[in-house]
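Welcome! Let us take a friendly walk through a protein model, starting from one residue and working outwards.

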Amino acid sequence: LFGNIQEEVVQDAESVRLQQQAHRQQHSCTLDECFQLYTKEEQLAPDDAWRCPHCKVPQQGTVKLSLWTLPDILIIHLKRFRQVAEHRHKLTTLVRFPLRGLDMAPHVAQRGQAGGQLLGRWAPWQPPLCLPPSCPRDYLYDLYYCCNALDGRWYSYDDSRVEGVQEAEVSTRSAYILFYQRRGAVPAWSAGSSVRGEHPHLP
């Protein structure tokens with residue numbers, strides 16, 4: 001019908017190109033935003049309703065994940081692949097994470113509240129109203145991998161190749177496992193203990 005197809009090509013307006021470019025740009029987020037989404041309260045679907053033990057009527061409740069305790073070594077695994085049918089797609093969203101002073105306090109469950117406020121009105125289990133002595137009170141963490149405790153420099157480990165990197169280059173789109181250490185807690189087996197002259201006993 002048209003004869004020469006080249007003559008029928010319609011040039012897109014500049015606004016179309018700008019919209020396509022905006023969609024191609026990969027957004028970024030912070031590690032704190034990831035934790036907020038992970039611990040966000042969610043409404044359960046009607047199919048997941050639970051039966052109230054008192055009125056025996058199905059209730060559409062909510063679920064919320066919270067961190068109860070924090071370890072000395074905190075390992076965070078970022079999801080870098082998305083499964084769609086039989087295909088896996090790599091996620092390259094930049095997650096901006098702090099190298100020092102990661103504050104985990106906002107993401108730890110508030111134990112001073114009554115159990116009913118945390119787990120529901122008829123929760124059979126009640127959490128303690130005060131912090132146990134063994135619970136860490138310092139919620140600040142510092143990234144230690146891949147920072148050499150002996151020279152204080154950052155390194156990139158790529159299979160058999162190791163090279164130094166600048167501090168500004170540590171946070172990349174390919175980072176997927178973050179190793180944090182609770183501030184003030186240096187395990188005896190870590191390289192940081194050898195700096196202070198503490199050597200673990202070898203068998």
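Begin with Arg182, which counts as buried because its relative accessibility is 16%, and the cut-off for buried is under 20%. Keep in mind as you look that this is a predicted model.

## Arg182 and the salt bridges

What does Arg182 form with Asp72? The two make a salt bridge, and their closest N and O atoms are 2.5 Å apart. This pair ties together distant parts of the chain: Arg182 belongs to strand 14, Asp72 sits in the loop between strand 5 (62-63) and strand 6, and 110 residues separate them. Unlike the buried Arg182, Asp72 is partly exposed, with a relative accessible area of 35%.

How many salt bridges does a search of the whole structure find? The search finds three, and here they are side by side.

| Salt bridge | N to O distance | Separation along the chain |
|---|---|---|
| Arg182 and Asp72 | 2.5 Å | 110 residues |
| Glu167 and Arg100 | 2.9 Å | 67 residues |
| Arg183 and Asp142 | 2.7 Å | 41 residues |

In the pair of Glu167 and Arg100, distant parts of the chain are linked again: Glu167 lies in the loop between strand 13 (161-165) and strand 14, and Arg100 lies in the loop between strand 9 (94-96) and strand 10. Glu167 is partly exposed, at 40% relative accessibility.

The pair of Arg183 and Asp142 also connects distant parts of the chain, with Arg183 in the loop between strand 14 and helix 4 (191-195) and Asp142 in strand 11. Arg183 counts as partly exposed, at 35% relative accessibility.

## The sheet around strand 14

Now look at the strands. Strands of a sheet pair through backbone hydrogen bonds, either parallel or antiparallel. Which order do the strands of the open sheet follow? Four strands are arranged as 6-14-11-10, with antiparallel pairing. Strand 6 and strand 10 (102-103) are at the edges, each having a single partner strand, so one side of each has no neighbour in the sheet.

You can follow the pairings across this sheet one at a time. Strand 6 (residues 73-77) and strand 14 (residues 177-182) are antiparallel and share five bridges; here Leu74 is opposite Tyr180 of strand 14. Next, strand 11 (residues 140-143) is joined to strand 14 by three bridges, again antiparallel. Tyr141 has Arg182 as its bridge partner in strand 14, which brings us back to our starting residue. Finally, strand 10 and strand 11 pair in the antiparallel sense over two bridges, and Leu102 has Tyr141 as its bridge partner in strand 11.

Strand 14 also has a place on the outside of the model. Ile75, Tyr176 and Ile177 make up a nonpolar surface patch with about 290 Å² of accessible area together. Of these, Ile177 is in strand 14 and is partly exposed, with a relative accessible area of 32%.

## A hairpin and some backbone details

Another antiparallel pairing is that of strand 7 (residues 81-84) with strand 8 (residues 87-90), joined by four bridges. Phe81 has Lys90 as its bridge partner in strand 8. Two residues lie between the strands of this hairpin, and Ala85 takes a positive phi near 55 degrees there.

Lys56 has a positive phi too, about 60 degrees, although it is not a glycine. Lys56 is found in the loop between strand 3 (50-51) and strand 4 (58-59), where it is exposed, with a relative accessible area of 51%.

Which kind of peptide bond joins Tyr145 and Cys146? The bond is cis, with omega about 20 degrees. Cys146 is located in the loop between strand 11 and strand 12 (154-158).

## Stepping back

The protein chain contains four helices and 14 strands. Of its 203 residues, 22% count as buried. Its accessible surface is about 15500 Å², with 54% belonging to carbon and sulfur atoms. Among contacts with a separation of 6 or more, 65% involve residues 24 or more positions apart.

How confident is the prediction? The mean pLDDT of the chain is 75, and 69% of the residues reach 70 or more. Over residues 114-131 the pLDDT is below 50, and this stretch has 23 contacts beyond near neighbours in sequence in the model. Residues 193-203 also have pLDDT below 50, with ten such contacts in the model.

Methods: Residues are numbered from 1 along each chain as its sequence is written. This is a predicted model: local features need pLDDT of at least 70, side-chain atom pairs count only at pLDDT 80 or more; totals for chains, interfaces and linings use all residues. Side-chain values use heavy atoms; hydrogens and water are left out. Two strands pair if DSSP finds at least two bridges between them. Buried means under 20% relative accessible area, exposed over 50%, partly exposed in between (1.4 Å probe, protein chains only). Contact means heavy atoms within 4.5 Å. Accessible areas come from the Shrake-Rupley method with a 1.4 Å probe; for residues, only the protein chains shown count as cover. Patches are made of residues with over 30% relative accessible area and no salt bridge: like charges are joined within 9 Å, nonpolar side chains (Val, Leu, Ile, Met, Phe, Trp, Tyr) within 5 Å. A salt bridge is a side-chain nitrogen of Lys or Arg within 4 Å of a carboxyl oxygen of Asp or Glu. pLDDT is the predictor's confidence in each residue, from 0 to 100.
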